Amino acid sequence: DAAFARAKAGSMNRRGMGARRIDQALGAAGIDSALRQAVQPEPQEARQAALALARKRRLGPFGPPVIDRAMREKQVAVLLRAGHRLDIAREVVEATSVEVLEQWVEEA
């Protein structure tokens, strides 16, 4: 179970899924809560996952400039549905450039 949990969590993290989504998937696979907590991503890994999803889905600085509040809220919602925390989602969407976002990932 431990090897499966690590592999599944790593795969989902690389695809851009957040900690909540990883926890749900492992729970659905029958992994106990202690093991699910053990394989949760570190803060820098969580930020890297958000960056990967933003790049793939063209969110924040990777897409067209967000002018209105409704579009910004839609982009935040994409990140929230992927299992990311609200503070991470807002940071990604409100980043002014890709360089700023990459520096934010490295700071974790």
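## Exercises on a predicted helical model

Glycine 30 lies in the loop between H2 and helix H3 (33-38). The model used in these exercises is predicted.

**Exercise 1.** Classify glycine 30 as buried or exposed, and state how far it is from leucine 59 in sequence and in space.

Solution.
- The relative accessibility of glycine 30 is 56%.
- The cut-off for exposed is over 50%, so glycine 30 counts as exposed.
- Along the sequence, glycine 30 and leucine 59 are 29 residues apart. Their C-alpha atoms are 33 Å apart in space.

**Exercise 2.** Asparagine 13 and arginine 14 are both to be placed in an element and classified by accessibility.

Solution.
- Asparagine 13 belongs to helix H1 (residues 2-14), and arginine 14 is also found in H1.
- Asparagine 13 has 13% relative accessibility and therefore counts as buried, the limit being under 20%.
- Arginine 14, with a relative accessible area of 63%, is exposed.
- Leaving aside neighbours within four places in sequence, asparagine 13 has contacts with Ile22, Pro41, Glu45 and Ala49.
- For arginine 14, take the C-alpha distance to alanine 50: the two residues are 36 apart along the chain, and the separation is 9.4 Å.

**Exercise 3.** Find which residues of helix H6 are buried, and determine how they are arranged about its axis.

Solution.
- H6 covers residues 86-94, and its buried residues are Ile88, Ala89, Val92 and Val93.
- Viewed down the axis of H6, these buried residues fall within an arc of 125 degrees, so they line one face of the helix.
- The spacing fits a general rule: an α-helix has 3.6 residues a turn, so residues three or four places apart point the same way.
- The cover over the buried residues of H6 includes helix H4 (43-57), helix H5 (69-81) and helix H7 (98-107).

**Exercise 4.** Describe the packing of H5 against H6: angle, axis distance, class, handedness and residues involved.

Solution.
- The angle between H5 and H6 is about 135 degrees, and their axes are 9 Å apart.
- Roughly antiparallel would need an angle over 145 degrees, and roughly perpendicular 65 to 115; H5 is therefore oblique to H6.
- The crossing of H5 past H6 is right-handed.
- From H5, the residues that meet H6 are Arg72, Gln75, Val76, Leu79 and Leu80. Their partners in H6 are Leu86, Ala89, Arg90, Val92, Val93 and Glu94.
- Arginine 72, in helix H5, is partly exposed, with a relative accessible area of 30%.
- Not counting residues up to four places away in sequence, arginine 72 touches Val66, Val93 and Glu94. Arginine 72 and glutamate 94 are 22 residues apart in sequence, with 8.1 Å between their C-alpha atoms.

**Exercise 5.** Which residues have the most contacts inside the largest nonpolar core, and which element gives the most to this core?

Solution.
- The largest nonpolar core has 28 residues, and Leu26, Leu79, Val92 and Leu101 have the most contacts inside it.
- Two or more residues come from each of H1, helix H2 (19-28), H4, H5, H6 and H7.
- H4 gives the most, with 5 residues.
- Leucine 79 is in contact with Ala50, Leu53, Leu59, His84, Ala89, Val92 and Val93, once its neighbours within four places in sequence are set aside.

**Exercise 6.** What is unusual about the phi of arginine 58, and where is this residue found?

Solution.
- Most residues other than glycine have a negative phi.
- Arginine 58 is not a glycine, but has a positive phi of about 60 degrees.
- Arginine 58 is in the loop between H4 and H5.

Conventions:
Residues numbered from 1 in each chain as written. Predicted model: local features only at pLDDT ≥ 70, side-chain atom pairs only at ≥ 80, totals over all residues. Heavy atoms only, no water. Buried < 20%, exposed > 50% of the residue type's maximum accessible area, 1.4 Å probe, protein only. Helix = DSSP H or I, 4+ residues; strand = E, 2+ residues; numbered from the N terminus. Arc of directions from axis to C-beta. Contact = heavy atoms within 4.5 Å. Core = buried A, V, L, I, M, F, W, Y, C linked by side-chain atoms within 4.5 Å. Axes fitted to C-alpha atoms, helices over the stretch in contact; angles between N-to-C directions. Parallel < 35°, antiparallel > 145°, perpendicular 65-115°, else oblique. Left-handed = near helix turned anticlockwise from the far one by under 90°.
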